[in-house]
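Let's take a walk through a protein model together. Have the sequence and the 3D view ready, and follow along at your own pace.

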Amino acid sequence: MITLGIETSCDETSCGLVNDRLQVLANQVYSQIPLHTPYGGVVPEIAARSHLEKIDPIVRAALAEAALDIAQMDQIAFTRGPGLLGPLLVGASFARALGRSLGKPVMGVNHLEGHLASAFLADPGLEPPLLCLIVSGGHTELVRVGEGLQYVLIGKTRDDAAGECFDKCGKILGLGYPAGPILSQRAESGNRRFVDFPRALDQRDNFEFSFSGLKSSMLRYVETQTPDFISAHEADLCASLETAIVEILVKKSIQALRSERLETLVVVGGVSANSYLRARMDAEAKKHGFRALFPDRKYSGDNGAMIAAIGQWRCNHGLSTADLEVRPSLRWV
Ligand code: KG4
Ligand code: ZN
């Protein structure tokens, strides 16, 4: 069996093909980042138009990559939310039309559940219960994933998401958009203890996050120093900020594993590509006898393979859904 997955929730047009053993047969991603860079963030109207232009060639490219014909697809999965309305509608319309013309089932899936499924691609034998830390541009949540994909929210951010914090602080430092990957690269050569940025809500058994204070601290710090000093210490500031974000993510995840009596943590979403987060989380998990699992980096950011994967995983477990409506503010838990 093969599931074709379509992702168009934000600024990536992507199509992935996954078989019933959760092997990725193809994954094609077109990133719109260069289109939005001049504006310093995603412009929804530009995003929707670009998805419309790229969706057909990207699906064709995925089929070509796997050397398969569209008629060999057994079901179609697409992101129905959360995300930007125009971009979501493009993917949904395309998926529904494809399903109708092929006479194959179509499943609208939750984008965040898709991120979770990127961990199933890393270990197809992985079964809940487990703890999921989702860290993306719009979300920072600790979720208990039970059998049958029953979700319990353990904690989430009160304000900015971790990725948003990387992006906003990077913008303050003039690093471009999205700043997360650039900032983390700069951090590698920096002094992680150069500035002691605040760790918000750092009490035991508090699983809520808050990152907006970090952004304000960075802004205040930059405003009180000369531009020459800031550029001379760019790597140190990046390293100090990355450390503040990662330390709090690691600490709360380990405490949540303990309090929920779970053994496995999966870390997913765009920020899960971060090398320092991977290294620190892995080391702390091992130290406390837990397992931390990360998706392959190419499935950390938004991609069609993870959307196909959650459609396929649901199907394998008798949990298929038939919700086709687009919902920009769809919640996970
Ligand atoms: O999951 P994603 O691709 O899109 C959303 O659904 O939001 O996540 C994008 C976020 C952006 O904020 C980006 O800066 C961040 O992930 N990101 C990173 C890294 N790679 C991507 N943040 C820190 N370090 C990275 N290596
Ligand atoms: Zn995402």
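We will start at a metal site and then move on to an arginine elsewhere in the chain. Keep in mind as you look around that this is a predicted model.

Begin with the zinc ion (ligand 2). Which protein atoms act as its donors? They are NE2 of H111, NE2 of H115 and OD of D302, lying 2.1 Å from the zinc ion. If you trace these donors along the chain, you will find the spacing H-x3-H-x186-D.

Now look at the two histidines. H111 and H115 both belong to helix 4, which covers residues 111-122. Because they are 4 residues apart in this helix, about one helical turn separates them. Are these histidines buried or exposed? A residue counts as buried when its relative accessible area is under 20%. H111 has a value of 8%, so it is buried. H115, at 1%, therefore counts as buried too.

Next, find R80, which sits in strand 4 (residues 75-81). Along the chain, R80 and H115 are 35 residues apart, and their C-alpha atoms are separated by 14 Å. With a relative accessibility of 9%, R80 falls under the 20% cut-off, so R80 is buried as well.

What surrounds R80? Setting aside its neighbours within four places in sequence, R80 is in contact with L88, G108, V109, D323, E325, V326, R327 and L330. Take a look at D323 in that list: its side chain makes a polar contact with the side chain of R80, at 3.3 Å.

Technical notes: Residues are numbered from 1 along each chain as its sequence is written. Chains are lettered from A and ligands numbered from 1 in the order in which they are written. This is a predicted model: local features need pLDDT of at least 70, side-chain atom pairs count only at pLDDT 80 or more; totals for chains, interfaces and linings use all residues. Side-chain values use heavy atoms; hydrogens and water are left out. Helices (H or I, at least four residues) and strands (E, at least two) are DSSP runs, numbered from the N terminus. Buried means under 20% relative accessible area, exposed over 50%, partly exposed in between (1.4 Å probe, protein chains only). Contact means heavy atoms within 4.5 Å. A polar contact is a pair of N or O atoms within 3.5 Å; within protein, one must be able to donate a hydrogen and the other to accept it, and residues adjacent in sequence count only if both atoms are side-chain atoms. Donors are N, O and S atoms within 2.8 Å of the metal (3.2 Å for Na, K and Ca); water is not among the atoms, so sites may look incomplete.
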